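Reader: Could you walk me through this one? I would like to go region by region.

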Amino acid sequence: MDTNANAIENRVFYPSEEVVKNANATPELYEEAKKDRLGFWDRMAKELVTWFEPYDKVLDDSNPPFYKWFTNGKLNVSYNCVDRHAKSEKRNKAAICYESEIGKKVVLTYGQLYREVNMFASALSKLGVKKGDRVCLYMPMIPEAAIAMLACTRIGAPHSIVFGGFSSDSLRDRINDAKAKLVITADGNFRRGTPFPLKKNADEALKETPTVEKVVVVKNAGNEVEMVEGRDVWYHDIMATADTYYEPEKMDAEDMLFILYTSGSTGKPKGVVHTTGGYLVQTQATLKYVFDLKETDVYWCTADIGWITGHSYVVYAPLALGMTTFMYDGTIDYPDKDRMWDMAERWGVNVFYTAPTAIRTFMKWGTEYPKKHDLSQIRLLGTVGEPINPEAWMWYYENIGGGRCPIMDTWWQTETGAFMITPLPITPLKPGTATVPFPGIEVDVVDENKQPTDRGYLVVKSPWPSMLRTIYGDDQRYIDQYWKRFGDYYFAGDGAKRDEMGYIWVTGRVDDVLNVSGHRLGTAEIESALVECAEVAEAAVIGKKHDVKGESVCAFVILKDGFEGTPELVEKLRKHVGVKIGPIARPDDIIFTAALPKTRSGKIMRRLLRDIAEGRALGDITTLADPGAMQEIAAKYAGKE
Ligand code: ATP
Ligand code: MG
């Protein structure tokens, strides 16, 4: 039986003539990269990066999977992000625009950013930070976070950013894994109007972190904090005595730029290692051609700097390209549910990039909130983090994009560093698919035997510049995790299918795939079918052990405001999935719930739902956005049985 015949979206949205005419990208990019992949990356590296010393080779693949890019090239990331613009006609252009939840606003020009980054690099160096030392950041989304990242790269000290919402235990484990010498944090930041005690959490973690010598604290929320004598210093104090110039370190293209621990949707966090040259090349190339940034744009990526999206597309790529990047520190519904659109209007945002989880939330709240604001200056939209349900795509397209903005659905990972599968603004779009690989990227969908197929495992067939280089301190885990399964193909851990246009649809994580009576079903497909129903805001689907079928489909559903979970609705939803995908996909159980377990970056953690459905004790929930939600779901589930 063909279970997915109806599941592929057939709506196609062609880019307008205007978009195509003005796009940075042309179809020739694909041709060029196809003819000579390394030649394409060579051109990108020469055009987008200022090198202190040229590289001798684009790719060294002599020791797979330990690939090297732009070998022996010398560069500095902060020089590329700041110096070269501060010394040009862009000196007085806004580099970073910032607004806090309580309405504080800051604009830093490239000239000002240059000064701040130099001074903080000088201050860090006076505290003993040297090239190669690891520095841990536990910070809110404030300009000082970007300054700190850039100052680290100026010295050549790899940073490890731990999301400011993580617990002290998560922070402690990550500090210890990276053996960080210094921690940068803040007194606190505002969440729904009340200060969140960041420094207090950090102090808790720092009780068990033997490698940490110094802690720098930014005064941000103004709440009381305890400063530990000899260990803690205020940011403003050390800045007051810092030098205004710090010579940028000449880094090798393959020197470590940062470590970033993945969110842990699927298990123990991995310290993903990124290096300097290839990362700076691919992040810039993708931002330039996919998000089509122009000199006069205000660009807003809503990701926190604690995630890879915040690293690559809030800080490094936009600044390296000399663009204006907007940062917001706060919740999306404070003081009201139109906060995001209010800021987009006031700051004149032209390009807006967010995650499906946020879009589904906006959708649940209703269209009256975006309607209150003039969003006509928005030109282009983006999404990342999960497969986007076609209904959420349509909502975003119509209500935020006004039916005129292309949506760039970007598939990539912490490990890939930059976009891998993504449309360009010139690409015909279909709601729910990230479409095709970026020029110079080779991906495929393969079966267990590494043979191309239309439904199977998503792999990357050849190395790419911004790829991870290893798992910090654990080369073997790097090999086991990503290269064992398919040899020289990188195994992404996601399932995918390919449609008749050659477009790639991510169907969910391989670990989450359901196997019902021998039929493999992706979570994304069933969830998208459920979200199509007018009553449903969000859905998470899992496979629950079943004596006969192997697994049965179990769906956790959040309804839109104003709807009730009646037995009739259960029947309606089951029927709809049956019609849309096939009788085999019809959920046996539908549980209505008010919340779903999500990582702090908004991804649904299905393994926890499986634990509930199969009656196991809950695994690690420390990285959950709302651990309390799990208790509620467990109670609901128990009540149902
Ligand atoms: P961990 O690997 O520790 O479980 P994580 O995978 O949640 O963490 P990320 O690297 O942030 O951490 O997420 C990458 C994953 O997010 C991808 O492998 C994919 O499953 C999903 N993803 C990201 N963007 C898209 C997209 N545009 N379409 C579909 N899935 C996406
Ligand atoms: Mg992952």
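Author: What follows goes through a sheet, some annotated sites and the enclosed spaces. This is a predicted model, in which local features need pLDDT of at least 70 and side-chain atom pairs count only at pLDDT 80 or more, while totals for chains, interfaces and linings use all residues. Residues are numbered from 1 along each chain as its sequence is written, chains are lettered from A and ligands numbered from 1 in the order in which they are written, and side-chain values use heavy atoms, with hydrogens and water left out.

Reader: Let's start with the sheet; in what order do the 8 strands come?

Author: The order is E12-E11-E8-E6-E7-E14-E15-E23, in an open sheet with mixed pairing. Strands here are DSSP runs of at least two residues (helices, H or I, need at least four), numbered from the N terminus, and two strands pair if DSSP finds at least two bridges between them.

Reader: And which strands stand at the edges?

Author: Those are E12 (232-234) and E23 (470-471), and each has a single partner strand, so one side of each lacks a neighbour in the sheet.

Reader: What about E8, is it buried or exposed?

Author: All of its residues, 5 of the 5 in 182-186, are buried, so strand E8 is largely enclosed by the rest of the structure. Buried means under 20% relative accessible area, exposed means over 50%, and partly exposed lies in between (1.4 Å probe, protein chains only). Leu182, Ile184 and Ala186 point one way from E8, whereas Val183 and Thr185 point the other way.

Reader: How is E8 paired, then?

Author: E8 pairs in the parallel sense with strand E6 (residues 135-138) over 4 bridges, and Tyr138 stands opposite Thr185. E8 also runs parallel to strand E11 (residues 214-218), to which 5 bridges join it, with Ile184 opposite Val216. Elsewhere in the sheet, strand E7 (residues 159-161) and strand E14 (residues 256-261) are parallel partners over 2 bridges, and His159 stands opposite Phe258.

Reader: Switching topic, where does UniProt place the "binding site" feature?

Author: The unreviewed UniProt entry puts it at Arg191, Arg192, Gly193, Thr194, Thr309 and Ser517. They span 327 residues in sequence and the farthest two C-alpha atoms are 50.9 Å apart, so they do not all gather at one spot. UniProt positions are in the numbering used here, feature names are shortened, and annotations may be inferred rather than shown by experiment.

Reader: What do Arg191 and Gly193 touch?

Author: Not counting residues up to four places away in sequence, Arg191 touches Glu101, Phe196, Asp329, Gly330 and Thr331, where contact means heavy atoms within 4.5 Å. Arg191 is in strand E9 (residues 189-191) and is partly exposed, with a relative accessible area of 29%. Gly193 is in the loop between E9 and strand E10 (194-196), is partly exposed at 27%, and, with neighbours within four places in sequence left aside, is in contact with Glu101 and Tyr334.

Reader: Now the enclosed spaces; what lines the second largest cavity?

Author: Its lining is Thr153, Gly156, Ala157, Met251, Met256, Leu257 and Thr276. A cavity is a set of points on a 1 Å grid over the protein atoms alone where a 1.4 Å probe fits but cannot get out, and lining residues have an atom within 4 Å of a point. The lining divides into 4 nonpolar, 3 polar and no charged residues, with Gly counted as polar and Ala, Leu and Met among the nonpolar ones.

Terms used: 1 Å grid on protein atoms, 1.4 Å probe; cavity = no way out; pocket = protein on both sides within 12 Å on 5 of 7 lines; lining within 4 Å.
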